[in-house]
Amino acid sequence: MDTSRVILSRCHFSNIGLRHLLASTFHKEKIISFDDQKNLFAWVKDIKKDSFYTLYLVLPDSIYSNIIYFHWLISLKRKVNHSAISEIIIVYHSDIFPELFSCICSHYKHRLVNINNLSNEEIVKKMHIQRHPSKNKIDKKHIELTHMEFCVLKLMIAGYTIDDISAAHNIKPKTTYTYTNNIMKLLGFNSLKKIYSCGEIIKASIENEIIREKKKYNSRTYLKAYVPQMA
């Protein structure tokens with residue numbers, strides 16, 4: 001049986017550093033790195049039936065610096081060989097990790113490992129010895145919004161401004177700001193600008209029910225407010 005450790009990162013130095021660390025820890029396993037998801041998928045198609053691999057996705061220092069990484073988070077489980085993959089480990093080294101992205105990882109059963117300010121030995125221990133979180137820790141897989149918060153969020157990712165949203169729902173801008181601030185806190189973002197810049201990730205999260213409306217608002221008799229059609 002062949003086993004491999006596979007690294008996916010667009011950062012050349014992250015690839016080199018983690019590859020060196022894994023090679024010194026797993027002497028008998030192949031260590032392979034990719035800087036593009038397409039190359040990873042091409043490699044996966046060619047591996048043998050009795051081969052298994054652990055995949056490490058290394059996120060950049062700034063969580064928001066390149067939104068493509070979060071497209072990778074959502075698409076990995078769909079496109080990699082399920083029978084061959086042992087585990088997907090999401091490696092990041094940032095003090096800030098939004099709640100939405102944690103939920104995405106939990107939803108797809110990716111394991112999050114923060115290596116910020118850790119030594120090489122500590123990184124190995126955290127990734128490969130402390131494999132399972134405490135039983136008392138509950139991984140949150142969904143973010144639930146009220147009906148109005150859900151509608152406002154859909155309008156935001158469709159490009160509507162605060163004034164546009166206020167006009168569409170016939171409410172005061174101050175009220176709209178209350179909804180957007182609540183949304184911002186629930187997603188774990190620190191500015192409204194982040195919501196607009198992460199529109200595609202939020203849209204994909206809604207489609208995959210990672211962000212969803214609270215159940216008590218799902219009654220057919222409830223009068224729905226204006227919601228834009230999502231392409």
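**Note on strand S4 and the H1–H5 packing**

1. In this predicted model, Tyr92 lies opposite Asn114 of strand S5. The two strands concerned, S4 and S5 (residues 111-114), run parallel and are joined by four bridges.

2. On strand S3 (residues 51-58), S4 has a further parallel pairing, here over six bridges. Within this pairing, Leu55 has Ile88 of S4 as its bridge partner.

3. The surroundings of S4 (residues 85-92) deserve a remark. Of its eight residues, seven are buried, so the strand is largely enclosed by the rest of the structure. Buried here denotes a relative accessible area under 20%.

4. The connection from S4 to S5 passes through helix H4 (residues 99-107), and the three elements form a β-α-β unit of right-handed sense.

5. A separate point concerns two helices. Two packed helices are described by the angle between their axes and by the distance between those axes. For helix H1 (residues 12-25) and helix H5 (residues 120-128), the angle is about 75 degrees and the axes are 11 Å apart. Since angles of 65 to 115 degrees count as roughly perpendicular, H1 and H5 are therefore roughly perpendicular to each other.

6. Which residues make the contact between H1 and H5? From H1, Leu18, Leu21, Leu22 and Thr25 take part, and they meet Asn120, Ile123, Val124, Met127 and His128 of H5. By class, the residues of this contact comprise six nonpolar and three polar, with no charged residue.

Note on methods. Residues are numbered from 1 along each chain as its sequence is written. This is a predicted model: local features need pLDDT of at least 70, side-chain atom pairs count only at pLDDT 80 or more; totals for chains, interfaces and linings use all residues. Side-chain values use heavy atoms; hydrogens and water are left out. Buried means under 20% relative accessible area, exposed over 50%, partly exposed in between (1.4 Å probe, protein chains only). Two strands pair if DSSP finds at least two bridges between them. A crossover is right-handed if, with the strands pointing away from the viewer, the path from the first strand over the helix to the second runs clockwise. Axes are lines fitted to C-alpha atoms, for helices over the stretch in contact, and angles run from 0 to 180 degrees between N-to-C directions. Angles under 35 degrees count as roughly parallel, over 145 as roughly antiparallel, 65 to 115 as roughly perpendicular and the rest as oblique. Contact means heavy atoms within 4.5 Å. Ala, Val, Leu, Ile, Met, Phe, Trp, Tyr, Cys and Pro count as nonpolar, Asp, Glu, Lys and Arg as charged, and the others, Gly among them, as polar.
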